[in-house]
Amino acid sequence: MAEADGRRRQRYKAGTSATVYGWGLTSGAEDADLSANLRKVTLPMVADSTCNTAMKTVLGEDDFVEGSMFCAGTPATGTDEGTKSPCNGDSGGPVVVGGKVVGIVSWGVSGCTAQGAYPVFTKVSSYTWAAQPRIDDTDLTFDGRADLLERTPSGGLFEQDSKGTSLAARAYQGKDWQYASWVMQADLDRDFFQDLIERDKTDGKLYRSYFNHSSEQFEWMQITSVWGGYTSYAVPGDMTGDSRPDLVAVDTDGSVYLYPGKGNGEFYGRVKVVDKAWKGVKIFGHGDLTGDGRADLLVRNTSGVLYLYRGTQDEHAPWSTRIQARTGWNFTSYVANGDVTGDGIADVMARDSGGTLWLYPGTNKASSDLFGSRRSLGTGFNQYNLLF
């Protein structure tokens, strides 16, 4: 975890070069025009304390919030000459460091050139807890809540959309899904259309259903880079810090492998991250369970003990020390598809032997209080032999 935190801090370290993009005014003059072309400028990061002092001096007000904002550049000269800064019309544009968006153009002084002033940006890392669910969750209806898919033994596929703490009536989605031994939802190419990753019973291989934006149809492709013979799989989200969803798999001997995602439905070569210590476990999880902006993993052992493994985004050591979250987790199905309730926190659904589906709302607490009081989402879910 320390390594991942260090990389984040380095991106905001004073002196680090950041590139700002925008279409805003090209001058601080009153009659200035918006740029007809996308422009960019490379600026050095500025220490929070330096920016805070400078903006107080220029504005006479305490508007800069350390930790949530940052500055980049050199003090404005008072005129266009010698001033490099975004200006009106650039708001909302990205600030990029090392290929990652670390900031958003936010605000500055009137005219953008007041002597001694800096441009101010929103610090993206302070808001990943709110932004990440919109990227990771299996939100089929684009309403900010993760939705449920379910299959009957005959192969019928149904969808039940989340209403927060309840589910809408099921809607039929198609047939011939009896050939899948398991299915997961995950947006592997980050196009905001959910992919379905499934293991085929007939050939034991993995396949992906994805939305082809050229044909405007859902199509299938084989995932050739991941073996189909593991005992448990999960796509928790970005485990390596490159903003692409990754896959985790448990082998029969208890070894665990991380497959870094390529962002196109395929994965790079596997990395062994656990050596023969997770035999017989069930892994699941989708998104950030602890509010730090990193995807986490849930592991239930053969005794029904549930552990939380907090993500570090370090490829070779992807989790910090485990935390016992619950005992007695002997359910017949587990669904981890993200934020079901719409509060920005990942949740979990679990079906008991009687067919009741329970919602375990996330709390963002990395402890035995990982989930709040459970709520029933209905009965009769034993009619499905697959929930995802």
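1. Let me start with a hairpin. Strand 12 (residues 206–212) and strand 13 (residues 217–223) run antiparallel, and seven bridges join the two. If you want a spot to get your bearings, find Arg208, which stands opposite Met221 in strand 13. Four residues sit between these strands, and in this hairpin Glu216 takes a positive phi near 55 degrees. Keep in mind throughout that this is a predicted model.

2. Now the overall picture. The protein chain has 388 residues, and buried ones make up 52% of them. Its secondary structure comes to three helices and 26 strands. Taken along the principal axes, the C-alpha atoms fill a box of roughly 70 × 45 × 40 Å.

3. There is a barrel to look at, too. Six strands close into it, with antiparallel pairing, and the order is 1-2-3-6-5-4. From one strand to the next, the twist averages 45 degrees. As an example of the pairing, take strand 2 (residues 39–46) and strand 3 (residues 69–72), which are antiparallel and pair over two bridges. One pair you can pick out by eye is Val46 with its bridge partner Cys71 in strand 3.

4. Next, the second largest pocket, which holds about 560 Å³ of space. Its lining counts 29 residues, and the closest to the centre are Trp182, Val183, Met184, Lys282 and Tyr334. What is the make-up of the lining, by nonpolar, polar and charged residues? The split is 16 nonpolar, ten polar and three charged.

5. Which strands build that lining, with at least two residues each? They are strand 10 (180–186), strand 14 (232–237), strand 18 (282–284), strand 22 (333–338) and strand 26 (386–387). Strand 22 supplies the largest share of the lining of this second largest pocket, at five residues.

6. On to the packing. The largest nonpolar core has 19 residues, and those touching the most other members are Val248, Val256, Trp278, Ile283, Leu297 and Trp319. Two or more residues of this core come from each of strand 15 (246–250), strand 16 (256–259), strand 17 (271–274), strand 19 (297–300) and strand 20 (306–309). Strand 17 gives the most, with three residues.

7. Two phenylalanines are worth a look at the backbone level. Most residues other than glycine have a negative phi. Phe142 is not a glycine, yet its phi is positive, at about 60 degrees. You'll find Phe142 in the loop between helix 3 (128–136) and strand 7 (148–151). Is Phe142 buried or exposed? Its relative accessibility is 54%, so Phe142 counts as exposed, the cut-off for that being over 50%.

8. Phe192 is the other one: again not a glycine, and again with a positive phi, here about 70 degrees. Phe192 lies in the loop between strand 10 and strand 11 (195–200). Strand 10 has come up already, as one of the strands that supply at least two residues to the lining of the second largest pocket. Phe192 counts as partly exposed because its relative accessibility is 49%, and that class runs between 20% and 50%.

Definitions and conventions: Residues numbered from 1 in each chain as written. Predicted model: local features only at pLDDT ≥ 70, side-chain atom pairs only at ≥ 80, totals over all residues. Heavy atoms only, no water. Pairing = 2+ DSSP bridges. Axes fitted to C-alpha atoms, helices over the stretch in contact; angles between N-to-C directions. 1 Å grid on protein atoms, 1.4 Å probe; cavity = no way out; pocket = protein on both sides within 12 Å on 5 of 7 lines; lining within 4 Å. Points joined across faces, edges and corners; volume = space filled by probe spheres on them. Nonpolar A, V, L, I, M, F, W, Y, C, P; charged D, E, K, R; others polar. Core = buried A, V, L, I, M, F, W, Y, C linked by side-chain atoms within 4.5 Å. Buried < 20%, exposed > 50% of the residue type's maximum accessible area, 1.4 Å probe, protein only.
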